There are 2 protein chains.
Amino acid sequence: MDVERGETLLDAARKAGVMIASICGGDGICGRCRVQVLSGTVDATPTALLTRDEIQAGYILACQTRVTESVEVTVSHEARGDGAQILVDEDASRFRALVPAFGGQQEYPHDPIVTKLCVEPPPPTLHDHLGCQERLYREIRRRVATPVMQMGLKVLQELPQHHRESDWKVTATLGSRGETTEVIQVEEGDRAAACCGVVVDVGTSTVVAHLVDMTTSETLDAEACYNSQMPYGAEVTRRIIHAEHEGAEALREAVVGDINDLIGTMIARTDAELHDVVACFASGNTTMLHFLLGLDTASIRKSPYIPAATCPPPVRAAEVGVRINPRGLLYAMPSIGSWVGGDITAGILATGLADAEQLTMFIDVGTNGEIVLGNSDWMLACATSAGPAFEGSGVKCGMRASRGAIERVAFGADGSLALETIGEADPVGICGSGLIDVIAGLFETGLIDRSGQLLPEHSDRIRERGGILEFVLVRAEDATEDEDIVVTQADIENVLRAKAAIYAGAKILLESTERSFADIDRLLIAGGFGNYLDGRKAVLLGMIPDIPVERIHFAGNTSLNGAKMALLSRTAYDRSTEIARSATYYDLITYPHYYEEFMSAKFLPHTDLELFPTVADVAAAPANGRSQASR
Amino acid sequence: MDVERGETLLDAARKAGVMIASICGGDGICGRCRVQVLSGTVDATPTALLTRDEIQAGYILACQTRVTESVEVTVSHEARGDGAQILVDEDASRFRALVPAFGGQQEYPHDPIVTKLCVEPPPPTLHDHLGCQERLYREIRRRVATPVMQMGLKVLQELPQHHRESDWKVTATLGSRGETTEVIQVEEGDRAAACCGVVVDVGTSTVVAHLVDMTTSETLDAEACYNSQMPYGAEVTRRIIHAEHEGAEALREAVVGDINDLIGTMIARTDAELHDVVACFASGNTTMLHFLLGLDTASIRKSPYIPAATCPPPVRAAEVGVRINPRGLLYAMPSIGSWVGGDITAGILATGLADAEQLTMFIDVGTNGEIVLGNSDWMLACATSAGPAFEGSGVKCGMRASRGAIERVAFGADGSLALETIGEADPVGICGSGLIDVIAGLFETGLIDRSGQLLPEHSDRIRERGGILEFVLVRAEDATEDEDIVVTQADIENVLRAKAAIYAGAKILLESTERSFADIDRLLIAGGFGNYLDGRKAVLLGMIPDIPVERIHFAGNTSLNGAKMALLSRTAYDRSTEIARSATYYDLITYPHYYEEFMSAKFLPHTDLELFPTVADVAAAPANGRSQASR
């Protein structure tokens, strides 16, 4: 077909009726419109989205390539818009992370970290011939108080044209970089309302992202997937060791790929444009944020355990490969230390712990099981190696809290089971809250003993497979995947180790301040449990201390919520930096009795039943009589 | 030959005895080690120094490419170190710009715009486990007062390793970016003394660069060349029009290429390493600085004549293609307006005009012929389209003030000529000061009349060639190039137009403030005249007003000197920004009688002899009797 000289290949293909996939709409950000030039030469803008090998093989981005002579191009099936162009985890696409807002959080003013401001600088005259840059600065300063201002060269290069072509009505995107403000983009006309951000909780096991309209504060969409770094080790330390031997690039690429997939999916599903996503706020533990930013993790795992940075500077998202607006900024939640990361700072921010008068304990039940104790006067934080059991990893039928996950299990006196799944879908697997319910239920109904051992003589749901006992929760005919959903003896042991680590950490943190569990006014539990956690059952398990149940609150994904607060309020972001600086990191390995405490906590609910008076009757009953005693 | 897997091609080639050119020593900055891979695949770091076409043809940078399997590589003659690997203007390499320091300048403290600071942060302990970034910041802040600090991602990525491998003794390179300080580089060990900068005067006709040791303030080397933008137009306006039609990329590439050649030559000639050049300070008129930075010039030539920016932000030099340390910063002198640029701000800084009590006139005799009038209370500036005659361009045997340029000419009463050349070399051509001497001499000895017309009847040195009269200054047998060195009738007319433009501008500037030439306490003349300008002859020409000769001072290349002051002192740089903001731009086209004044000034010395009382006797004498009258 004939195309006009200078037209982009993407436009030419569209006119010819050939659909080429593009999420970014031709901005050269998403890299989906990759096609191969078979013959002819083209005028292609350099791009970092193609490798040297691809360039040599003739690949170009259709949107960044202009036709100058006859060319022959082949569009792969993948690049065609008619196929399933967006490769996302099918499971993830069914998931909408439900993040209950915990009522405790502080109110922060709506003042997003990146904003758009429509200004109309007066056109120049012979008597007011200030330059384009200074003219824009003057106008911005008339509207917002901003002492220092910076502008990237690319923005400045395009500024005069934008001023002329918009007839002096432009929208400046202002990004906060410490105490300076950067004009990160200038668009023609009034684009102030088209201002989106992405918040990402980069967990060791799962990655959750929300797309937020920064003008209205509305959450437009949510998406999650497992962290693709999993093959490099389920735990943080394994991945650091991998990075030391093989380099960290694969780890960075894995998580950046996850984030890009999540963003791409949300953009494809909503009316938002990738170009209008101008900020990304990442939360996560220190190591995850280091991998994301490509920072050296070697010192994190070696005494005295220091990170490259606790408060990394905002960077251009494109610099680490995160595909939003190419000028958009990526912020990382500040960390407290090597083993208490930005997710915990976010949690403290989201729960208002640092502004509370009451003594508060905050437990983030993730792979690292971080615990914070304190109030507005002081904060002490530690990490326990809980492992990923509560996140659905390292558990045979475990899954993260997404659609189809069994999140609630009630054991009937007659041996019947009542299950609830997320989204009321057919059951797919078990998430963290479901696991707690199952193990608590098994314990209450006498199907396991205090060491967690399954007792096959008490239920025909308990069977042996390959030498390992397992409890059948859902039979294959009732499950989505045509396989039994089971909880194995190994799963139970994983969960007990995890809960013991958390309990031991909490106990030591209190003891180090000469306090006891009774002094806790509020116990806040965070984690990707979906929208439900039964506090009493967590006590029965001995995961959390036996305090009055009304003091126990489930706070949801506080990592994501805190990051969203920081995205939407510079004041909240500044507060998070203060929090990270003021909290004291407490290293459990310096405490001599940690292992002892851990071992004592591996029983149900604990070796020392006096610590759990409200559930002592259940625990004390003989295994087969427990179901009566517990009601 | 056999090489180790993972070794760079540059190292492998060296071991094999094949010299590959490299100025940067393997940092991937200079791009000289470009070689072509004929077969085999390699592991090459992406680089912006190769085009898409080159990558497709298999070109790589030898220093950025690691051997992973058998490869066959061809090294072009150009890339071989044994040839003339550095392509510099032969003429330029003979040149050492002599920049007399004008005594009038202010003393500024030695506080370079980019500095290196060796710090020894205390190694972390379990009780002081601050992150690497925060640990470095803390140490820097103990040494220097710097409120806001930034660090690029690349620097942060390498920081922990540098800390570890240097045993906590590192050198931080600190760049000033407005009110913030950026840690632009961290090196291991004490590298504080290896801190160089380059100052470049980007003139419309010539580009001059100095290499400066920022620690000692010593100028290590100097180099100059013609501005390669010349083919796009001798004057600024022509080049802007070219950019509007064809894009500005070729213009940017031309001047960046010049700068890189100059830097490369100086680095090759001195002990300095390209890696240690961490700052570049560019001075020049507003349009030249715009082309260098890739800024839009369209509004500069159209009423109301506004630039993209008068105070462009510092940028990474690599971002515009200037090859110094890839993290090094490029600063541009702030401009006063579209037609009075950073070179004039530099001139005001260098001459101390803005701090003087006396009324001072500053004339920069370049292609734009800018004039500043004022003192510490006020400053008024304008530009005249003088043209490039005084810079050796648009003149048949003109050349810039470099080795072999005739810079001084004395006419003997007997018709003999005494010439002096720069470097006492054989004459090659005539520079600006030589031209002034020749035309003043021709006028004094009666060989031209008051309109500049050559009078062939008075000297056998005047002859006709191709219908144009010319004056033979040096006969071919005495010249280097085996051609007569002549001054043609057209050359004289070019010079008279240039001097008339300058004089008319100066007169109007004075009149607009209701002052006259007699009020001028100091008249400072800048320009690339080499190290000499005869003030009295300039008066005889009518280029400058007839004021007592002791008030006239030749100030040298103040554009370069001012930029060097700013490079070596942040205080001076801040002062230059104040100067640029406080000086008022006066547009000559708004003055109704400019053309009239210009026409009146085209005579020798002027139509109105009363304006030139001290030379009126020479002018009033009949042409053939002038030589007597003048002594």
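Which residue in β9(B) is the bridge partner of M149(B)? The partner is T181(B). The model is predicted, and this briefing covers two sheets of chain B, the contact between chain B and chain A, and the salt bridges. The contact between the chains buries about 4300 Å², and the salt bridges over all chains come to 55.

**Mixed sheet of chain B**

- The strands of this open sheet, 4 in number, follow the order β6-β8-β9-β7 in chain B, and their pairing is mixed.
- At the edges stand β6 (114-119) and β7 (148-151) of chain B, each of which pairs on one side only.
- On average, and with direction ignored, neighbouring strands of this sheet are turned by 35 degrees against each other.
- β7(B) runs parallel to strand β9 (residues 180-188) of chain B, and 4 bridges join the two.
- The pair M149(B) and T181(B) are bridge partners, with T181(B) located in β9(B).
- Helix α4 of chain B, residues 132-143, lies across β6, β7, β8 (170-177) and β9 of chain B. The angle between helix α4(B) and β7(B) is about 140 degrees.

**Antiparallel sheet of chain B**

- A further open sheet has 3 strands in the order β22-β23-β24 of chain B, and its pairing is antiparallel.
- β22 (462-465) and β24 (485-488) of chain B are the edge strands with a single partner strand each, so each has one side without a neighbour in the sheet.
- The average turn between neighbouring strands of this sheet is 45 degrees, direction ignored.
- Strand β23 of chain B, residues 468-474, pairs with β24(B) over 4 bridges in the antiparallel sense.
- Opposite F471(B) stands V487(B), a residue of β24(B).
- Helix α11 of chain B, residues 489-512, packs on the sheet and touches β23 and β24 of chain B. The direction of helix α11(B) makes about 60 degrees with that of β24(B).

**Interface of chain B and chain A**

- Chain B contributes 54 residues to the contact, and chain A contributes 54 residues.
- Of the area of about 4300 Å² buried between chain B and chain A, 60% comes from carbon and sulfur atoms.
- R52(B), L153(B) and I306(B) supply 16% of the area that chain B buries against chain A, more than any other three residues.
- Between the two chains the count is 2 salt bridges. R164(A) pairs with D296(B) in a salt bridge whose closest N and O atoms are 2.9 Å apart.
- There are 22 residue pairs in polar contact across the interface, with both residues at pLDDT 80 or more.
- On the side of chain B that touches chain A, at least two residues come from each of α2 (52-56), β3 (59-61), α4, β7 and α5 (153-165) of chain B.
- α5(B) gives the largest share of that side, 7 residues.
- By residue class, the side of chain B that touches chain A has 29 nonpolar, 15 polar and 10 charged residues.

**Salt bridges**

- Side chains of opposite charge can pair when their charged atoms come close.
- Counted over all chains, the model has 55 salt bridges.
- D128(A) and R138(A) form a salt bridge through their side chains, at 3.2 Å from N to O.
- D128(A) belongs to the loop between β6 (114-119) and α4 (132-143) of chain A, while R138(A) is in helix α4 of chain A, so the pair ties together parts that are 10 residues apart in sequence.

Notes. Residues numbered from 1 in each chain as written. Chains lettered and ligands numbered in written order. Predicted model: local features only at pLDDT ≥ 70, side-chain atom pairs only at ≥ 80, totals over all residues. Heavy atoms only, no water. Pairing = 2+ DSSP bridges. Axes fitted to C-alpha atoms, helices over the stretch in contact; angles between N-to-C directions. Contact = heavy atoms within 4.5 Å. Buried area = accessible area lost by both parts, 1.4 Å probe. Salt bridge = Lys/Arg side-chain N within 4 Å of Asp/Glu carboxyl O. Polar contact = N/O pair within 3.5 Å; in protein donor to acceptor, adjacent residues only side chain to side chain. Nonpolar A, V, L, I, M, F, W, Y, C, P; charged D, E, K, R; others polar.
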